[in-house]
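Welcome, and please have your viewer open with the selection panel within reach. We will go from stop to stop, choosing something to select and then saying what is there.

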Amino acid sequence: MDAHPDPDPAMPGRPRTPADVRRWRRYLADERAEAAVYRDLAGRRTGEERAILLALADAEKRHEQHWLDLLGDDVGRPLRGDVRTRLLGFLARRFGGVFVLALAQRAESRSSYDQEAFATATMAADEQIHEEVVRGLATRGRNRLSGTFRAAVFGANDGLVSNLALVLGIGASGVSSQTVLFTGLAGLLAGALSMGAGEFVSVRSQRELLDASTPDPRSAKALPHLDVDANELALVYRARGMASDDAQRRADGVLASLAATGAAGPGPLTHDGGEADGPGAAETDHETHGTAWGAAISSFCFFASGALIPVLPYLLGLVGMQAVLVACLLVGVSLLVTGAITGLLSGTSPLTRALRQLLIGFGAAAVTYVLGLAFGTTLA
């Protein structure tokens, strides 16, 4: 196709080229696909989150119109979005949740509008802000699952690495395959029980600490009987980190409100004296750390599932170096998958996280294997 003879309205004096048209059509397809993703996600939510997602879809619609206006008669047949956006749409229609939001966050971070001459500055700014909006939505989900998710990821990786190291170390010492199998199964059971118990105690202790630091709502009943001149309420706010003058002003305000209306207002004894650290904050802290039983069960199950993988070859009857190689292959794939998932949910590069998990896991297993070889040689 020849270059369009007329200059483009977005860049006076600059004629459009076939490459421009192809690029704009790709942008148009991606904007349509992203708008559909947000509409699909909104369909699985209610309230404020639904409204936010629909607003994001409307913004993508405005971007879509920009490319339609530029293309004019060159719009051609509709293209499909890129593979990543189509996959995101598939997941949004069927699952939703924090995993899809994390993927959407990464998709927004890849926008090239700040380097695109035909995109407006407003469009480039929109994409940057969209990333922060999606990050905020994803953070809610991350907070809700972070305690259990941490236990699950830690348990799975610990099971993979520790039992692979155990199996390789014992196998390298020259014992029979049956001994390696029983050792691996014993390591699986012992490690899973230890991880589950440890997570239960850890999370329960953390929640008890949070409970101990949460203001007692019954203390508000003492406010009407405080000495207005002494105003010991100011000491509460000072003990929680407020400056002396700020604490005194806050305490005076609370008692003045109490004298005038008979009610001290919401959250008079919260951490900073305001509503931000009220009951909702305590609930958020508890969501972030998860429940003790949830963390323990997740840790037990995921450790056991991870620890089972290195012994699978022995359960299937493989022996010797063949079993070792298959175990390493299975564990390597598992480490890559768990690392990639962690990277996606944390908003970082899934490839970097996957390779890091792989190097750490195989590094630990290699050290144990070498020690097993040395121990076997010594016994021989």
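Let us begin with one side chain: does tyrosine 314 count as buried or exposed? Select tyrosine 314 and show its surroundings: with a relative accessibility of 7%, this residue counts as buried. Here buried means under 20% relative accessible area, exposed means over 50%, and partly exposed lies in between (1.4 Å probe, protein chains only).

A word on what you are viewing: this is a predicted model, in which local features need pLDDT of at least 70 and side-chain atom pairs count only at pLDDT 80 or more, while totals for chains, interfaces and linings use all residues. Residues are numbered from 1 along each chain as its sequence is written, and side-chain values use heavy atoms, with hydrogens and water left out.

**The whole chain**

Switch to a cartoon view. You should find 12 helices and 2 strands in the protein chain; these are DSSP runs numbered from the N terminus, with helices being H or I of at least four residues and strands being E of at least two. Along the sequence, the order reads β-β-α-α-α-α-α-α-α-α-α-α-α-α. Of the 380 residues in the chain, 39% are buried.

**Helix α10**

Return to tyrosine 314, which sits in helix α10. Now add valine 167 to the selection: the two residues are 147 apart in sequence, and their C-alpha atoms are 9.8 Å apart in space.

Next, select residues 292-315 to see all of α10. Its 24 residues should span 34 Å at 1.5 Å a residue, and the end C-alpha atoms are 33 Å apart, which agrees. The expected span is 1.5 Å times one less than the number of residues. Look along the helix for isoleucine 309, where α10 bends by about 45°, with proline 310 following within four residues. The bend is the angle between axes fitted to the seven residues ending at a residue and the seven starting there. After the helix, pick glycine 317, whose phi is positive, near 95°.

**Helix α2**

Select residues 47-71 for helix α2, which has 25 residues. From first C-alpha to last, α2 reaches 37 Å, close to the expected 36 Å. Colour its buried residues, among them Leu53, Leu56, His63, Trp67 and Leu70. Glycine 72 follows α2, and its phi is positive, near 60°.

**Salt bridges around α1 and α2**

Which residue forms a salt bridge with arginine 32? Select glutamate 64: the closest N and O atoms of this pair are 3.1 Å apart. The bridge links distant parts of the chain, with arginine 32 in helix α1 and glutamate 64 in helix α2, 32 residues apart. Arginine 32 is partly exposed at 29% relative accessible area, whereas glutamate 64 is buried at 8%. A salt bridge here is a side-chain nitrogen of Lys or Arg within 4 Å of a carboxyl oxygen of Asp or Glu.

Keep glutamate 64 selected and add lysine 61, another salt-bridge partner at 3.6 Å, N to O. The two lie 3 residues apart in α2, so about one helical turn separates them. Lysine 61 is partly exposed, at 45%.

Move on to helix α1, residues 18-42, and select arginine 23 and aspartate 20. Their closest N and O atoms are 2.9 Å apart, forming a salt bridge. Aspartate 20 is buried at 2% relative accessible area, while arginine 23 is partly exposed at 28%. Add Glu116 to see the network of salt bridges linking Asp20, Arg23 and Glu116. The salt bridges come to 8 in total.

**An aromatic cluster**

Select Tyr27, Trp67 and Tyr113, which form one aromatic cluster. The structure holds 5 aromatic pairs. Rings of Phe, Tyr and Trp (its six-membered ring) pair if their centres lie within 6.5 Å; planes under 30 degrees apart count as stacked, over 60 as edge-to-face and the rest as tilted.

**A nonpolar surface patch**

For the last stop, show the surface and select Phe99, Leu329, Val333, Val337 and Ile341, which make a nonpolar patch of about 410 Å². Such patches are made of residues with over 30% relative accessible area and no salt bridge, where like charges are joined within 9 Å and nonpolar side chains (Val, Leu, Ile, Met, Phe, Trp, Tyr) within 5 Å. Accessible areas come from the Shrake-Rupley method with a 1.4 Å probe; for residues, only the protein chains shown count as cover. Helix α11 (residues 320-346) gives the largest share of the patch, 4 residues. Finish on valine 333 in α11, which is partly exposed at 47% relative accessible area.
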